[in-house]
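Open the model in your viewer and keep the selection panel at hand. This tour goes stop by stop: what to select, then what is there.

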Amino acid sequence: MKYLTDEKLVIVGAAGMIGSNMAQTAMMMHLTPNLCLYDPYAPALEGVAEELMHCGFEGINLTFTSDIKEALTGARYIVSSGGAARKAGMTREDLLKGNAAIAEQFGKDVRAYCPDVRHIVVIFNPADITGLITLLYSGLKPSQVTTLAALDSTRLRSELAKYLHVSPDSVENARTYGGHGEQMAVYASTTTVDGRPLTEIIGTERLPEADWDALKTRVVQGGKHIIDLRGRSSFQSPAYLSIEMIAAAMGGPAFRWPAGTYVNNDRYSHIMMAMETVIGADGVSCRAVAGTPAEQEELDRSYRHLCELRDEVIAMGVMPPIDKWSTLNPYLDAKTC
């Protein structure tokens with residue numbers, strides 16, 4: 001059996017629905033034979049490991065543990081869904097306080113037990129903030145930590161395909177940027193449908209302005225819609241996309257969607273947000289996002305919302321003031337994007 005790498009991949013939060021789906025997806029995609037599952041809830045974790053072993057995968061060295069030191073020691077790649085799940089009536093931001101503390105400890109554990117890790121994908125909400133906290137406390141370079149943001153872009157693709165009655169494959173370069181939350185920036189200017197710019201379709205009989213506005217709202221509320229339909233938050237889509245991200249970091253196929261990355265430039269400062277990114281064996285890199293003036297204002301507004309959440313975490317005492325960050329992670333003063 002051929003694998004992308006033989007280095008250790010750790011799934012944090014593996015007893016949960018997202019984590020267990022990530023583990024199975026990683027095994028099906030043949031990322032590495034050395035897969036370790038971690039969760040503090042030992043009985044459910046053992047159950048997940050048992051089920052995966054019952055699948056009959058070949059060539060897999062599957063281990064599991066509720067000891068975080070054992071799990072992270074020797075890890076080269078990590079995907080973490082190790083926070084509380086979003087429930088009905090909750091926004092991603094409602095999860096902030098508890099999951100911020102979890103992210104702080106996770107970052108500290110990475111620093112202590114696997115400082116040589118190559119890449120981490122953080123997906124527990126609010127992912128922009130938990131990823132930022134993880135980056136700060138882990139001491140890693142910004143290129144080594146990404147967060148799940150692609151789910152908003154894939155939802156835009158799906159909503160356009162459904163509304164326009166076309167194959168999703170004919171909707172290309174659907175993009176949302178900024179925060180992975182209610183304040184995301186939904187872009188039209190990047191997207192084409194059957195090779196035609198979406199901006200030429202909006203405002204026509206095929207997609208009236210009012211319907212485009214309603215479609216954007218459905219994209220923003222995509223996670224809530226899943227909760228309304230299924231009674232629980234998304235798990236299949238974030239599991240698959242996050243494993244695609246870590247596969248790209250292992251040197252696998254290019255990741256096709258925006259990722260959350262650390263941004264520090266003259267416009268956006270000391271924040272984690274979705275940008276146009278490339279994830280590869282050397283980590284994540286990004287470039288400035290170009291859009292219409294209205295889209296740029298949406299992105300600015302999303303950035304301001306993320307800053308409010310970041311500053312709320314600072315006020316909680318979970319993170320120090322920004323001017324003290326370099327004492328924990330000197331890489332965070334470098335310019336990016």
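Which residue in E2 is the bridge partner of Ile-11? Select Leu-37: that is the partner of Ile-11 in E2. One caution before going on: this is a predicted model.

**Stop 1: strand E1 and its neighbour**

Select residues 9–12, strand E1. Add residues 34–38, strand E2. The two strands run parallel and are joined by four bridges. Now show the side chains of E1. Leu-9 and Ile-11 point to one side, Val-10 and Val-12 to the other. All four are buried, so E1 is covered on both faces.

**Stop 2: the largest nonpolar core**

Stay with Val-10. It is among the residues with the most contacts inside the largest nonpolar core, which has 49 residues. Also select Ile-78, Val-110, Ile-120, Ile-133, Met-273 and Met-319, which share that distinction. Next, colour helix H11, residues 293–316. H11 gives the most to this core, with seven residues.

Apart from this core lies another, of 38 residues. Val-48, Ala-150, Ala-249 and Met-250 are among its members.

Return to Ile-78 and display its surroundings. Which residues is Ile-78 in contact with, leaving aside neighbours within four places in sequence? From E1 you will find Leu-9, Val-10 and Val-12. Further contacts include Leu-72, Phe-106, Val-110 and Cys-114. Val-117, His-119, Ile-120, Val-121 and Ile-246 are also in contact with Ile-78.

**Stop 3: two helices crossing**

Select helix H4, residues 96–113, together with H11. Their axes are 11 Å apart and the packing angle is about 70 degrees. That angle falls between 65 and 115 degrees, so H4 counts as roughly perpendicular to H11. Zoom in on the contact. H4 brings Leu-96, Lys-97 and Ala-100. H11 meets them with Leu-309, Glu-312, Val-313 and Met-316.

**Stop 4: the cysteines**

How many disulfides does a search of the whole structure find? The search finds one. Select Cys-286 and Cys-337: these two form the disulfide, with their sulfur atoms 1.5 Å apart. The link is left-handed, with -90 degrees about the S-S bond. The pair links distant parts of the chain, 51 residues apart. Cys-286 sits in strand E14, residues 283–287. Cys-337 is in the segment after helix H12, residues 325–328 being the helix. Turn on the surface here. Cys-286 is partly exposed, at 21% relative accessibility, and Cys-337 is partly exposed too, at 32%.

Now select Cys-36 and Cys-114. Why does the sulfur of Cys-114 form no bond with the closest cysteine sulfur? That sulfur, in Cys-36, is 11 Å away, which is too far for a bond. Cys-36 itself is in no disulfide. Cys-36 is buried, with a relative accessible area of 3%. Cys-114 is buried as well, at 2%.

**Stop 5: a three-stranded sheet**

Select E7, E10 and E11. These three strands form an open sheet in the order E7-E10-E11, with antiparallel pairing. The edges are E7 (171–172) and E11 (196–197), each pairing on one side only. E10 covers residues 192–193, and two bridges join it to E7. For one facing pair, label Glu-172 and Thr-192: Glu-172 stands opposite Thr-192 in E10.

**Stop 6: backbone details in the loops**

Just past E7, pick Asn-173, in the loop between E7 and strand E8 (175–177). Phi of Asn-173 is near 60 degrees, a positive value in a residue other than glycine. Asn-173 is partly exposed, at 38% relative accessibility.

Go next to His-30, in the loop between helix H1 (17–28) and E2. Here too phi is positive, near 55 degrees. His-30 counts as partly exposed, at 28% relative accessibility.

Finish at Pro-126. Where is it placed? Pro-126 is in the loop between strand E5 (119–122) and helix H5 (127–138). Check the peptide bond that joins Asn-125 and Pro-126: it is cis, with omega about -10 degrees.

Notes
Residues are numbered from 1 along each chain as its sequence is written. This is a predicted model: local features need pLDDT of at least 70, side-chain atom pairs count only at pLDDT 80 or more; totals for chains, interfaces and linings use all residues. Side-chain values use heavy atoms; hydrogens and water are left out. A nonpolar core is a set of buried Ala, Val, Leu, Ile, Met, Phe, Trp, Tyr and Cys residues joined through side-chain atoms within 4.5 Å. Buried means under 20% relative accessible area, exposed over 50%, partly exposed in between (1.4 Å probe, protein chains only). Contact means heavy atoms within 4.5 Å. Two strands pair if DSSP finds at least two bridges between them. A disulfide is a pair of cysteine sulfur atoms within 2.5 Å. Axes are lines fitted to C-alpha atoms, for helices over the stretch in contact, and angles run from 0 to 180 degrees between N-to-C directions. Angles under 35 degrees count as roughly parallel, over 145 as roughly antiparallel, 65 to 115 as roughly perpendicular and the rest as oblique.
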